[in-house]
Amino acid sequence: MNRLPRFSGARRAVWAYVRSAPGTYVWLAVLFFTTVALHHMSPEFEREFLRQRSTNLHELSRHPVRVLIASAMWIDGGYWLPYAVLYSVFHARAERWLGTWRWLTVCVAAHVLATLVSEGALLKAIRDGMAPASSVNTLDVGVSYALAGVAAVLGYRIRMPWRWAYLAVVLGFFALPLAAGPTFTDFGHFVAALVGLGCYPLVRGRTGGRPGVRNPKETQAVLPG
């Protein structure tokens with residue numbers, strides 16, 4: 001008999017957590033449905049379908065706004081569950097802390113700036129003969145740039161001196177692939193993390209100049225109603 005109240009309490013706690021980060025879980029729901037849709041496509045159709053929504057050089061030159069938005073609504077690879085975990089760990093925490101609009105600003109800034117910088121680097125590589133001309137049609141969809149930016153900005157949520165250790169791990173995670181054998185997406189991830197760090201003014205505004213201190217108002221949204 002005691003299990004039912006415990007289950008009900010756990011369910012309320014989960015629902016309260018979801019409600020406290022609406023943007024995160026709406027985005028995650030969209031990714032769930034688009035991932036299911038991909039599983040119903042043939043491999044050939046899927047690749048062409050995603051290429052038309054990709055932030056490659058060809059599509060960016062023709063439909064920049066459309067592909068920058070569309071590319072963030074699909075996961076290349078078809079595995080949704082790992083993103084559900086990552087979104088709950090990083091995006092949900094950042095949204096609860098910063099508020100939906102500031103969290104979204106970090107996501108958009110990281111996604112857009114990292115995309116433009118990395119694709120600009122790829123364009124230069126093509127012109128210098130360091131990358132094949134076919135790279136203008138490279139498949140580039142996904143949400144990892146926004147995730148990298150949010151993971152970095154969360155470093156300001158951690159008190160000193162642990163903040164430096166956290167940021168060292170985050171930056172090291174994205175810097176190591178650059179040293180091993182860089183690709184334009186590896187470069188984009190590192191740029192996205194730097195963009196997240198550059199969003200400090202948003203953090204300072206939220207915490208009144210004291211990063212790492214929770215705003216008491218933010219807890220009101222997570223109380224079960």
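Among the elements of the protein, helix α1 (residues 3-19) carries the lowest mean pLDDT, 71, whereas α8 carries the highest, 96. The model is predicted, and its pLDDT averages 85 over the protein, with 87% of the residues scoring at least 70. Over residues 207-225 the pLDDT stays under 50, although the model has 31 contacts beyond four places in sequence for this segment. Where pLDDT is low, the predicted coordinates should not be read in detail.

The protein contains 11 helices and zero strands. Its pattern along the sequence is accordingly written α-α-α-α-α-α-α-α-α-α-α. Of the 225 residues, 41% are buried. Among contacts with a separation of 6 or more, 77% are accounted for by residues 24 or more positions apart.

Helix α7 comprises residues 100-127. At 1.5 Å a residue, its 28 residues should span 40 Å, and the end C-alpha atoms are indeed 40 Å apart, so the expected and modelled spans agree. An α-helix has 3.6 residues a turn, so residues three or four places apart point the same way. The buried residues of α7 are Trp103, Val106, Cys107, Ala110, His111, Ala114, Thr115, Ser118, Glu119, Leu122, Ala125 and Ile126. Lys124, which also belongs to α7, counts as exposed because its relative accessibility is 52%, against a threshold of over 50%. The side chain of Lys124 makes a polar contact of 2.7 Å with the side chain of Asp128. Just after α7, Gly129 adopts a positive phi of about 80°.

The loop between α7 and α8 includes Ala133. With a relative accessible area of 57%, Ala133 is exposed. The C-alpha atom of Ala133 is separated by 9.0 Å from that of Leu123, a residue 10 positions away along the chain. The loop between α8 (144-153) and α9 (162-180) contains Pro161. The peptide bond that leads from Met160 to Pro161 is cis, with omega near 0°.

The largest pocket has a volume of about 330 Å³. It is lined by 16 residues, of which Trp27, Ala72, Met73, Leu104 and Val108 are the closest to its centre. Two or more lining residues come from each of α2 (22-39), α5 (64-70) and α7. The greatest contribution to the lining of the largest pocket is that of α7, which gives seven residues. Helix α7 thus combines a set of buried positions, including Trp103 and Val106, with the leading share of the pocket lining.

A further buried site is found in helix α4 (residues 57-62), where Glu59 is located. Glu59 has a relative accessibility of 7% and therefore counts as buried, the limit being under 20%. Beyond four places in sequence, Glu59 touches Arg51, Gln52, Ser54, Pro64, Arg66 and Val67. Glutamate is also represented among the buried residues of α7, by Glu119.

How values were computed: Residues are numbered from 1 along each chain as its sequence is written. Side-chain values use heavy atoms; hydrogens and water are left out. Helices (H or I, at least four residues) and strands (E, at least two) are DSSP runs, numbered from the N terminus. Buried means under 20% relative accessible area, exposed over 50%, partly exposed in between (1.4 Å probe, protein chains only). Contact means heavy atoms within 4.5 Å. A polar contact is a pair of N or O atoms within 3.5 Å; within protein, one must be able to donate a hydrogen and the other to accept it, and residues adjacent in sequence count only if both atoms are side-chain atoms. The expected span of a helix is 1.5 Å times one less than its number of residues. pLDDT is the predictor's confidence in each residue, from 0 to 100. On a 1 Å grid over the protein atoms alone, a cavity is a set of points where a 1.4 Å probe fits but cannot get out, and a pocket is an open set with protein on both sides within 12 Å along at least five of seven lines; lining residues have an atom within 4 Å of a point. Grid points are joined across faces, edges and corners, and a volume is the space filled by probe spheres set on the points.
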